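This report goes through one protein chain, beginning with enclosed space and moving on to strands and helices. The sequence and the model come next.

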Amino acid sequence: MSPVRGHIIGIAAAAAAILLGGTALSSAASLDAIKARGTMVVATEDSYKPFEYVENGKPMGLDHALLALLRKDVPFRIDQQIIPWTGLLAGVATGKYDVALTAAVITPDRIQSLAFTMPIAEATQYYVVRADETRIKGVPDLAGKTVGVQSGGASYAALADLEPTLAKTGGKLGKVVQYTSLPDAYQDLANGRLDYVINGVVNLVSLTKDQPKRFRMGEAVGAPTYAAWAVAKGNDGLLDDLNRFMAKVRASGELYALQEKWLGRAFRDMPSAPTK
């Protein structure tokens with residue numbers, strides 16, 4: 001078993017252990033409990049453009065726009081915590097936050113301790129290189145190169161798909177560098193400390209559109225995946241209510257209009273249930 005795949009399986013086992021102990025569900029507030037106290041606590045990442053980020057002190061991105069619609073839709077107050085990525089999903093799984101109101105990529109590991117809403121966008125993982133990179137023309141050329149990924153994120157999980165793909169042509173993963181914040185990885189890529197970075201398609205389209213002279217987008221390194229909001233596994237009432245909201249903004253076209261505005265394209269063919 002490779003170190004990457006073994007580490008990912010280890011994460012899944014740990015998450016399963018939490019569930020078996022009852023920690024996640026027993027600590028998570030149900031929809032009725034949220035209504036009774038009058039407040040729902042949601043956690044949003046602080047540096048995940050174009051889904052959620054802070055610019056000049058103002059929250060921006062698709063998730064913040066959807067949150068504005070959600071506030072008008074529910075009969076209780078929403079307390080938003082804008083925090084770094086590290087610990088966000090674990091905070092939801094253990095009941096610290098009610099909802100991960102972030103574009104969390106749906107992965108096999110995460111569904112061990114979380115339940116996901118209808119997807120809000122596609123999130124297939126791609127690689128990005130420097131604009132003047134000449135050695136990397138396709139996925140096979142990633143063999144042996146140094147890669148930057150987000151610690152505990154979908155980009156790290158995508159290595160489990162990339163590793164066997166490289167093996168088919170006799171290649172192996174190179175050095176893997178994990179980052180708390182992907183913008184730090186992009187900076188190291190630009191400075192030559194990394195050969196490529198992995199992230200979701202929407203994020204990399206935004207990056208290369210904003211900085212075409214610095215970065216060039218490559219190919220998909222993993223299977224098609226999607227991003228969605230999440231609650232603690234087993235918190236079915238809250239999940240159903242969030243899915244009611246998602247179905248509503250899909251039917252009205254508001255979700256697709258916001259995708260066009262913030263992501264640069266609409267994903268009208270997304271599945272109506274989580275998928276990985």
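How much space lies in the largest cavity? The volume of the largest cavity is about 80 Å³. The model in which this cavity is found is a predicted one. With a threshold of 30 Å³ or more, the count of cavities comes to one.

**Overall composition**

The chain has 276 residues, and 53% of them count as buried. Its secondary structure consists of 11 helices and 14 strands. Of the contacts between residues at least 6 apart in sequence, 76% join residues at least 24 apart.

**Cavity and pocket**

The lining of the largest cavity is made up of 13 residues. Those nearest its centre are Tyr 48, Val 105, Gln 150, Gly 153 and Ala 154. Strand E6 and helix H6 (154-157) each supply at least two residues of this lining, and E6 gives the most, with three residues.

The second largest pocket has 19 lining residues, and Lys 49, Pro 183, Tyr 186, Leu 207 and Gln 211 lie nearest its centre. Two or more lining residues come from each of strand E2 (47-48), helix H8 (182-190) and helix H9. The volume of this pocket is about 340 Å³.

The table gives the make-up of both linings by residue class.

| Site | Nonpolar | Polar | Charged |
|---|---|---|---|
| Largest cavity | seven residues | five residues | one residue |
| Second largest pocket | seven residues | seven residues | five residues |

**Strand E6 and its partners**

Strand E6, which contributes three residues to the cavity lining, spans residues 99-105. Seven of its seven residues are buried, so E6 is largely enclosed by the rest of the structure. Strand E1 (residues 39-45) pairs with E6 in the parallel sense over two bridges. One contact of this kind has Val 42 with Val 99 of E6 as its bridge partner.

E6 also pairs with strand E14 (residues 226-232), in this case antiparallel and through three bridges. Here the bridge partner of Val 105 is Ala 227 in E14. Val 105 is also among the residues nearest the centre of the largest cavity.

**The sheet E2-E3-E4**

Three strands form an open sheet in the order E2-E3-E4, with antiparallel pairing. E2 and E4 are the edge strands and have a single partner strand each, so one side of each is left without a neighbour in the sheet. Two bridges join E2 and E3 in the antiparallel sense, and Ser 47 stands opposite Tyr 53 of E3. Strand E2 is also one of the elements that line the second largest pocket.

**Helices H7 and H11**

Which residues of helix H7 (residues 159-167) are buried? They are Leu 159, Ala 160, Leu 162, Glu 163 and Leu 166. These residues cover an arc of only 160 degrees around the axis, which puts them on the same side of H7.

Helix H11 covers residues 254-263, and its buried residues are Leu 255, Tyr 256, Leu 258, Gln 259, Trp 262 and Leu 263. Viewed down the axis of H11, the buried residues fall within an arc of 160 degrees, so they line one face of the helix. A general point bears on such patterns: an α-helix has 3.6 residues a turn, so residues three or four places apart point the same way.

What covers the buried residues of H11? The covering elements include strand E3 (52-55), strand E4 (58-60), helix H4 (62-73), strand E8 (121-122), helix H9 (201-210) and helix H10 (236-252). Strands E3 and E4 belong to the open sheet described above, and H9 also lines the second largest pocket. Just after H11, Gly 264 takes a positive phi of about 90 degrees.

**Gln 259**

Gln 259 is located in helix H11. Is Gln 259 buried or exposed? Gln 259 is buried, with a relative accessible area of 0%. Leaving aside residues up to four places away in sequence, Gln 259 touches Leu 62, Ile 120, Ala 121, Gly 264, Arg 265, Ala 266, Phe 267 and Met 270. Gly 264 in this list is the residue with the positive phi. Between Gln 259 and Leu 66 the separation is 193 residues in sequence, while their C-alpha atoms are 10.0 Å apart in space.

Key:
Residues are numbered from 1 along each chain as its sequence is written. This is a predicted model: local features need pLDDT of at least 70, side-chain atom pairs count only at pLDDT 80 or more; totals for chains, interfaces and linings use all residues. Side-chain values use heavy atoms; hydrogens and water are left out. Buried means under 20% relative accessible area, exposed over 50%, partly exposed in between (1.4 Å probe, protein chains only). Helices (H or I, at least four residues) and strands (E, at least two) are DSSP runs, numbered from the N terminus. The arc is that of the directions from the helix axis to the C-beta atoms. Contact means heavy atoms within 4.5 Å. Two strands pair if DSSP finds at least two bridges between them. On a 1 Å grid over the protein atoms alone, a cavity is a set of points where a 1.4 Å probe fits but cannot get out, and a pocket is an open set with protein on both sides within 12 Å along at least five of seven lines; lining residues have an atom within 4 Å of a point. Grid points are joined across faces, edges and corners, and a volume is the space filled by probe spheres set on the points. Ala, Val, Leu, Ile, Met, Phe, Trp, Tyr, Cys and Pro count as nonpolar, Asp, Glu, Lys and Arg as charged, and the others, Gly among them, as polar.
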